[in-house]
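Please walk through this model with attention to how the ligand is held, and then to the pocket analysis.

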Amino acid sequence: MIHKKRRHEDNDYLEPIFGTKAEGQILPNYRLAQQPIEPRIAHQLVKDELLDEGSARQNLATFCQTFMEPEAIDLMANTLEKNAIDKSEYPQVTELENRCVNMIADLWHANDSEDYLGTSTIGSSEACMLAGMAMKFAWRNRVQKLGLDSTKKKPNLVISSGYQVCWEKFGVYWDVELREVPIEQAEMTLNLKSVMDYVDEYTIGIVGILGITYTGKYDDIEQLNNLVEQYNQTTDYKVFIHVDGASGGLFTPFVDPELIWDFRLNNVVSINTSGHKYGLVYPGVGWVIWRGKKYLPEELIFEVSYLGGTMPTMAINFSHSASHIIGQYYNFLRFGFEGYQAIHQKTRLVAKFLGKKLTTFGDFDVINDGNDLPVICYSLKKDKNIHWTLYDLSDRLRMKGWQVPTYPLPKNMDDVLVQRIVVREDFGMNLAHDFIKDLQSALNELNQAHILFHDDDGLQSYGFTH
Ligand SMILES: *Cc1c(COP(=O)(O)O)cnc(C)c1O
């Protein structure tokens, strides 16, 4: 037998991770450590840091995708180095992005003859910034031609108070007044009786939301379009609609094909969606499409070099990995229309099942039983003498790993505390049964045990509302 002295590094690798010096040593968190450590130990340490974050699949707060197929993950992991903005170096990525834009435009009934155009983004927030700026620039060009002093007053954007925070950012970042139409108890979506009262010559556009984040309900975009049509007949200062379809844009076309909310409506000029919500891609991709060049002023378009020539781009970010675009293309190719339809129909079925169960518990007023977006939103019944709050219920559920957020409704209805469950592709019927079992025991514990530490039920913000 040959005796061979092991080299120092090999020795290190034979040490069990939790026996190494580096693992046992306290490393600085907020400045670089002086010395490098082995990759396997660094890997373990980082993994350990993330240990107590809870399981994404049990996070019923988020609309964002928490599951992708191994084949998709493999493609994405192996394309991380591709820079989405580098159109000449990665022309094929550009081609896949263009295919996705065309597929989505087709789903939303964009018309070839109007020269629709669109782009990928990092998510709906970036998409909404781009769409909002296009509305602002297009508005300014329109009203200046009509002789209005566009600088005299701050331009405004009309939206229901159930908007997602990205619109508040849009208002602040680009100096546009957000005119909030308060949501009412009766419909809990954009109030069609009053929405047009908020519109004037300084209105850059109206946003309809296909799936209000708070409740999962759809704004009635078709009716809104009718109102806008009537309004536009009476004035030279036309207004148009942007649809924030962050959640619904890649859900509704598959499960509610008869619902008319998209480019079939004359006054809908742009639509955004999050590829990472019901587009079924991990967080990092969104889309925005304009029905025609007319609605995307040229000043906002920048040319980048592409295959010896140039191509138009519009984005706030510059460099980022193309892997999410590739993940989106994989899903489109892999599932096709019927695949998406089957997945989303099943998701709605699970949502309906949960909605029905929650109604039978008797403690809740169900605001959305999974009918629009596959979201269940409910408040505690007022008239019953219940000593715990929805915050307590969130805490009890958290003990079983479920993250279910509790929060007040937006302005005007903010005395109503709700809890919301977002059903996603990877929350199947079996998990739903497990969840109901855990919910039932949480309710029993709250109703029967003396485990409450407070006797006021004041409203506070808590958990996630995205
Ligand atoms: C989630 C959401 C957004 C923001 O989308 P991101 O993709 O997370 O940036 C905007 N609007 C609505 C209605 C949403 O639900």
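The ligand is surrounded by 14 residues, counted as near when one of their heavy atoms lies within 4 Å of the molecule, and the closest are Ser124, Ser125, Asp244, His276 and Lys277. By class, this shell holds three nonpolar, nine polar and two charged residues, where Ala, Val, Leu, Ile, Met, Phe, Trp, Tyr, Cys and Pro count as nonpolar, Asp, Glu, Lys and Arg as charged, and the others, Gly among them, as polar. This is a predicted model, in which local features need pLDDT of at least 70 and side-chain atom pairs count only at pLDDT 80 or more, while totals for chains, interfaces and linings use all residues. Residues are numbered from 1 along each chain as its sequence is written, and side-chain values use heavy atoms, with hydrogens and water left out.

Turning to individual atom pairs, a polar side-chain atom of Asp244 lies 2.6 Å from a nitrogen atom of the ligand. Oxygen atoms of the ligand also take part: one is 2.8 Å from an N or O atom in the side chain of Ser274, and a polar side-chain atom of Lys277 lies 2.8 Å from an oxygen atom of the ligand. Of the 380 Å² of accessible area that the ligand has on its own, the protein covers 91%, with areas taken from the Shrake-Rupley method and a 1.4 Å probe.Finally, the largest pocket (on a 1 Å grid over the protein atoms alone, an open set of points where a 1.4 Å probe fits, with protein on both sides within 12 Å along at least five of seven lines; lining residues have an atom within 4 Å of a point) has a lining that divides into 14 nonpolar, eight polar and six charged residues.

Technical notes: A polar contact is a pair of N or O atoms within 3.5 Å; within protein, one must be able to donate a hydrogen and the other to accept it, and residues adjacent in sequence count only if both atoms are side-chain atoms.
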